[in-house]
Amino acid sequence: MVLSPDTEVLDEVVVVGYGSQKKESVVGAISTLDIKKLKVPGASISNVLAGQLSGVVAMSRSGEPGKSSSADFYIRGVSSFKGTSTPLVLVDGIERDLDLVDTDDIATFSILKDASASAVYGVRGANGVILITTKKGEVGKPAINVRTEFGFTSPTKRPEMTNSAQWAELYNEAFGRKYYSDEEIEKYRNHSDSDLYPDVNWFDALFDDMASNQRVNLSITGGGDNIKYYVSGSFYNESSIYKNAGNIYGYNSAIKYNKFNFRANVDLNLTKSTILNVNLANIYEKSFGPGFGDNDNDIWSYTFMTSPNAFPVQYSDGKLSGPSTDSGYNPWNMLVHSGYREQFWNSAQSLIGVTQDFGELWEPLKGLTANIKFSWDAWNTTLQRRSKVPTFYHARGRDAEGNLTYDDNNQDGEWDPIHTGSESLSFSIGRSGTMTRYLEGSLNYNRVFGNHRVGALLLYNQKIHTNTQAGSGDAALPYKNQGLAGRTTYAFKDTYFAEVNIGYNGSENFARGHRFGFFPAAAIGWMASNEKWFEPLTNTIDMLKFKASYGKVGNDDIGGQRRWVYESTIVGSGTWQYGQSGNQGGSGIRIGEVENLFASWEEATKLNVGVEFSLFNKVKIQADYFREEREGIFLQRAGLPAIVGLSTIPYVNVGKTLNKGFDANVEYTQQVGKVLLTARGNFTFNRNKLLDNDEPDWEYKYQNRIGKPFGSDGAMQSFGLVALGLFESQEEIDNSPVQTFGTYRVGDIKYQDINGDGVINSQDQIAIGYTNLPEIMYGFGVGAQWNNWDFNAFFQGAAHTSFFLSGSSISSPFSSGNMERAAINKDVYGNVWMSTNTDEENAHVLYPRLSNGGGGAGASNNTQTSTWWMRNGSFMRLKNIELGYTLPKELTTKTFIKSLRFYVSGSNVLTFSPFKLWDPEKNKGASQGSGYPLNRVFTIGFNANF
């Protein structure tokens, strides 16, 4: 058998920075995604990219409908512990929100990972770049595509709490005697009086087990020789698991979210060599939710805090219930009796461009094109809140007739509420908005001279971004960027490749003379399989390419407390007096923030070495090793002695980090009879460490943060104590180093004396666990097509990440000192150290002895950050599974339908993890599982082409 070259693969084009290249000539680290494989069951694309592409690190922290469900998203991890670490997202070359793009509108999706790929973006490219191009029209009759989906959503796993009887038993244990009698505990258990002895599962009371979503997308594409068009519109709607108050009010306060997308991309041939393109898009979003606060964090907090026996959801006589004192809230009242809020978002996106092909005008200029584009985007949001705090009561007992009794403070026979609220809704409104203008002009040259393929790019761009609802004069001034970009490419016989990229960019964040930076990068490649001597091997290795790149890129979004650090600030310095009686004087001034004329961007030096090869025309593998040194990280000086005399510690570019790792992906395709089998997988590993944060050595160098890894949001690897177990006897306590975290007893946590000084204190804390961001991300999937049936399954996972159990419901029960706000996770019951347990039972518990209040013995000792509370955040989940059936063509050819496919799919169907109490992906740092849970989604839908 003689293998022939796959011309489709050889001619495949990859979108790169400010252009495109033949895939075989790409020598940068670029990952591309077949958008058909991307299943988005919710509103956010960022939530489904984890495990789909090598180099992507993404974690979903919430399943709340709408914008709040966006994932933490990074390329090859994070390399800076200050400022911004998220990638630059460009849609049709314009910086825009990733989650505003409808997946049905996406034509190509690329991720630029190394310096050669992103250097042209200069001070914006250090964190990687995501390039999305939207679909264009195609020559032909109008083609209509319709996709409709209906889905059911439910939490993947949410925490479970103790019931009232279990809670009372635990309280008796913590209190040291029977505060709750056996008779009272039995009343909680048998629900004989749910008003005075309530047993409330607040999760069941506030939240349903299931919600729904709907999606409809319609697109039309077509055109002729002079004009091509792509027009689409979509609607997405999602409800939440929040319950509502029924028909009490004229509104439903449960969260719901909907989004309308519209896009029109038109390409017009003005002449044989001139093309005008106009891209218009509008995205309108609306969210509806409870009126208590601008978000639902407090509702979730009180759901986790409120004890099951504090009060019923609502009293049987119709009165609203609440705490026994006017402090705190009933989470049910917060959810459904607090009014409602509405938030609106509107994003208008416009782009106009003209491309001129000079080769059509004069043959010697063949390959030379010019392009100019201009965009203007407007985004605004409005939050309207109509809210109230209702009147609520707290029952004290029952009268002789069995009626509930409440407070009668005035002895007037009228029951007095704990809190007198209002039935009228107050009104508040908040607005925010931006306007962005972008201009770009470029010259591109691509031509083949015999065995020589050459290319060049020269580009100018500028951007002006204005906050139209600024709260201060400084914030209202426009943010400006300006730059030049260049690239030269060369290929000899499509075997040897070389590429040089440069970015020369400026930012108004910095002082004159320091605003512009030069960012060069170079890459080389060798297509070994195109060598003549390689031909005997092509039956086995049909493609083999080696590549390497090295260069610099920058990041001008460096953080800090203020905008223009190159200007000093003047602040008041108190008062001064003089004169014989000291009654003369006034107020003084002094320098506040010291000017920094040399403040600059972060600079990333990146190395990438990779290999690509294909085996038997069936297996394609790409692997890259990367290394990045980031310096110039903007932070407050930590090593300045007080003798310097500065009243405010200055910010300077002194931070340094190192990030390195490797990523790889593999694809497999084979026809077996009538079955087409496919498989794919990818793997990403990165490990960073802090090289310099300007801190002097700690007294014990093992506590230095330098040399340790860091996660998202600048969170360092956690430092904590090493737990050796629980104290088993007073003799063990007496013969152990002294622990300085308050009183402790048998059953409390015993810690290791790291420095051997006989005292356990903060100097015994060491680096423990991993960071809050996984070092390892992976995904793998299989697919099969047989006749008209198709099946796909995809798994995604994360590893090398840690988090800590924290919060009053799990690591510090009863610490609030308020019995009505002391809910406890169900896992504590039966797994906590108890005085009534046997020694053998206590030897295997998961939780230390319970303390009576936040100041009780063991309360401080047991809540220290330590390995006792550290948990493994690794997981693997069945991310997507889908079964589809396409109607045979013999049935559709006789109709106006070109194709019709029905499918059922599931997302987040199964999760495998050593942690079982709630979805492990939700954890970030310290957690008790609070907040809207991640969703499992089952969808049915159809896709029709006309």
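Asn163 caps the N-terminal end of helix H3, with a side-chain oxygen 3.2 Å from the backbone nitrogen of Ala165. That pair fits the usual polar-contact rule: N or O atoms within 3.5 Å, where within protein one must be able to donate a hydrogen and the other to accept it, and residues adjacent in sequence count only if both atoms are side-chain atoms. Keep in mind that this is a predicted model, where local features need pLDDT of at least 70, side-chain atom pairs count only at pLDDT 80 or more, and totals for chains, interfaces and linings use all residues. Residues are numbered from 1 along each chain as its sequence is written, and side-chain values use heavy atoms, with hydrogens and water left out.

Now walk along H3 itself, residues 164–175. Helices here are DSSP runs of H or I with at least four residues, strands are runs of E with at least two, and both are numbered from the N terminus. The twelve residues of H3 reach 16 Å from first C-alpha to last, close to the 16 Å expected at 1.5 Å a residue (the expected span is 1.5 Å times one less than the number of residues). Ten of the twelve are buried, meaning under 20% relative accessible area, with exposed being over 50% and partly exposed in between (1.4 Å probe, protein chains only). Among them are Trp167, Leu170 and Tyr171. Part of the cover comes from helix H4 (182–190). After H3 comes Gly176, with a positive phi near 90°.

Next, strand S10, which holds Arg147. Why does Arg147 count as buried? Because its relative accessible area is 11%. Its side chain makes a 2.6 Å polar contact with that of Asp104. Leaving out residues up to four places away in sequence, Arg147 also touches Arg215, Tyr903 and Phe942, among others; contact here means heavy atoms within 4.5 Å.

S10 (140–155) turns up again on the surface, as one of the strands that each supply at least two residues of a nonpolar patch. Members of that patch include Phe150, Phe152, Trp786 and Trp789, and its residues together have about 1,000 Å² of accessible area. Another member, Met210, sits in the loop between helix H5 (202–206) and strand S11 (211–223).

Finally, look at Val666 in strand S29 (residues 651–672). Val666 counts as partly exposed because its relative accessibility is 33%. Val666 lies 9.4 Å from Ser614, C-alpha to C-alpha, although 52 residues separate them in sequence. Beyond its neighbours within four places, the contacts of Val666 include Val619, Ile621 and Arg680.

Methods
Patches are made of residues with over 30% relative accessible area and no salt bridge: like charges are joined within 9 Å, nonpolar side chains (Val, Leu, Ile, Met, Phe, Trp, Tyr) within 5 Å. Accessible areas come from the Shrake-Rupley method with a 1.4 Å probe; for residues, only the protein chains shown count as cover. A salt bridge is a side-chain nitrogen of Lys or Arg within 4 Å of a carboxyl oxygen of Asp or Glu.
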